[in-house]
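Q: I would like a close look at one part of this model, with its surroundings added afterwards. Please keep the cut-offs in view as you go.

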Amino acid sequence: MAVNVPRVWAEIDLAALEHNLRAIRARIGPAVELILVVKADAYGHGAVAIARRAAALGVIAFGVGTVEEALELGAAGIRGRMIVLGTIVDEEAEPALRGGVELGVHSADRVRMLSALAVKLGLTARVHLNVDTGMGRLGSGPARALELLEEIHASPGLELAGSMTHVASSRGADDPGTAAQLRSFDQYLGPARERGLLRGWTHVANSACIFTGLEPRFDAVRPGIAALGMLPAEMGVIPAGGGRLEALRPVLSLRSQVVFFKDVEPGTPIGYGGTWRATRRSRIATLPVGYNDGVPWRLGNRGRALIRGCEVPIVGRVSMDYTTIDITDAPGADVGDVVTLIGRDGERELSASCLADEAGTIPYEITCSIGRRVPRMIVEGDARPFAGRSASSADQDPSNADRSGAAAESTVAPGATP
Ligand SMILES: *Cc1c(COP(=O)(O)O)cnc(C)c1O
């Protein structure tokens, strides 16, 4: 009998998102605005579903990477301020202004170009002045930023919507460099305030800053990864009870199924390059999931997977479409069994952060590498969209794939909004 379980899918737990948004709100207090960063398709989670639930919970501003990302959210019916946090290339300017997308600015060239275009189109360009205090990527140093600030105020068609800086250390307030960045930001903020030129929101903190208690909090914060239930790798994995990680719940799980297994004799090579050889009679299962689906190539011969509540090793190289695991020690494992690459199965959990450590990368890259062909399935809490062949699967309905809208609407008491 055919089982309607995809080759691979990502479960996106919106109840976990809600929990994390509340955890962030608890950290920042009621008076600080929240700009939820959903760039790069919400780090691979699916920006529309994430932003829609967040908006339903009272989030009124979203940080994106490109103008197209902002317009996609608008087209999906998500209302809220859309802010391109970094910069744009020239061809994005007109669609941005027409779509009311707010833009980070970092140079006089940009200020002039946006002003001229806004005047020509009869529109207003809302901009966030990016002050470089040590990130070194975009933005002008404090002195130059003050000049730009004057220029923005003097430019027709431009409105200052905010002032921002970005912290370079993924250890947030725990890194002395962050305090130095804030002192540098003050060299801009102080005179700007004195001259009465500050408008809109002043915003600094990303997830690391929020969860290390960076002060001051300014008007708004810009969390991304924490809302998705992870923290930057360098913050370390704080054991349960330690307070930080346990407060957040991972939003994403990545699952696949066994399509085939065979028993091999000792000495049998597995995968490209024969980098793994059986040292005993082994049962090797093949999963239709590879590095295009978010299983890092570097996890070849070192990663783990969960099947029937057991943790088993990835053996051989991970290939583009397939991964092989050794299920010798997972009694009863069979074709059609659901296999967890990221997430929980029973008592066990493989977190994106641990995978990242193992693969020598960061959790951001793990979830961003989950390719387009992996359907994102919306779930609420522990509900599983697919049980696989090992459980009753006859009446599982896979039709909620990407149907983020219907599932995402929720009602939350006013005052409880993140
Ligand atoms: C991506 C980004 C953020 C969010 O960072 P997290 O570490 O995911 O919280 C905040 N601000 C800017 C400018 C960014 O580019």
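What percentage of the 418 residues in the protein do buried residues make up? From there, please look closely at the salt bridge between Glu-11 and Arg-255, and then widen the view.

A: Happy to. This is a predicted model, in which local features need pLDDT of at least 70 and side-chain atom pairs count only at pLDDT 80 or more, while totals for chains, interfaces and linings use all residues. Residues are numbered from 1 along each chain as its sequence is written, and side-chain values use heavy atoms, with hydrogens and water left out.

To your opening question: 52% of the 418 residues are buried. Here buried means under 20% relative accessible area, exposed means over 50%, and partly exposed is what lies in between, with a 1.4 Å probe and protein chains only. The accessible surface of the protein is about 17700 Å², and carbon and sulfur atoms hold 50% of that area; such areas come from the Shrake-Rupley method with a 1.4 Å probe, and for residues only the protein chains shown count as cover. The secondary structure amounts to 12 helices and 20 strands, which are DSSP runs numbered from the N terminus (H or I with at least four residues for helices, E with at least two for strands).

Now to the pair you asked about. Side chains of opposite charge can pair when their charged atoms come close. The side chains of Glu-11 and Arg-255 do so in a salt bridge, with N to O at 2.9 Å. Since Glu-11 belongs to strand β1 (residues 8–13) and Arg-255 to strand β10, the pair ties together parts that are 244 residues apart in sequence. Both Glu-11 and Arg-255 are buried.

For context, the whole structure contains 24 salt bridges, each defined as a side-chain nitrogen of Lys or Arg within 4 Å of a carboxyl oxygen of Asp or Glu. One of them joins Arg-283 to Asp-263, with 2.7 Å between the closest N and O atoms. This pair also links distant parts of the chain, as Arg-283 sits in strand β14 (residues 282–287) and Asp-263 in strand β11, 20 residues apart. Arg-283 counts as partly exposed because its relative accessible area is 30%, and Asp-263 is partly exposed because its relative accessibility is 36%. Another salt bridge pairs Glu-311 with Arg-304, the closest N and O atoms being 2.9 Å apart. Glu-311 has 30% relative accessibility and is therefore partly exposed, and the 36% of Arg-304 makes that residue partly exposed too. Elsewhere, Glu-18, Arg-22, Arg-53 and Glu-380 are joined into one network by salt bridges that share partners.

Links across the sequence also show up in the contact totals. Among contacts in the protein with a separation of 6 or more, 69% are between residues 24 or more positions apart, where contact means heavy atoms within 4.5 Å.

Beyond β10 (252–257), the loop leading to β11 (260–264) holds Val-259. Val-259 is partly exposed because its relative accessibility is 39%. Together with Phe-260 and Tyr-322, Val-259 forms a nonpolar surface patch of about 260 Å² accessible area. Patches are made of residues with over 30% relative accessible area and no salt bridge, joining like charges within 9 Å and nonpolar side chains (Val, Leu, Ile, Met, Phe, Trp, Tyr) within 5 Å.

Finally, some backbone details for your checks. Most residues other than glycine have a negative phi, and most peptide bonds are trans. Asp-41, although not a glycine, has a positive phi of about 55°; this residue lies in helix α2 (residues 39–43). Leaving aside neighbours within four places in sequence, Asp-41 is in contact with Gly-46, Ala-47 and Glu-69. Phe-218 likewise has a positive phi, about 60°, without being a glycine, and is placed in the loop between α9 and β9. The loop between α9 (207–211) and β9 (220–221) also holds Pro-216, and the peptide bond from Glu-215 to Pro-216 is cis, with omega near -5°.
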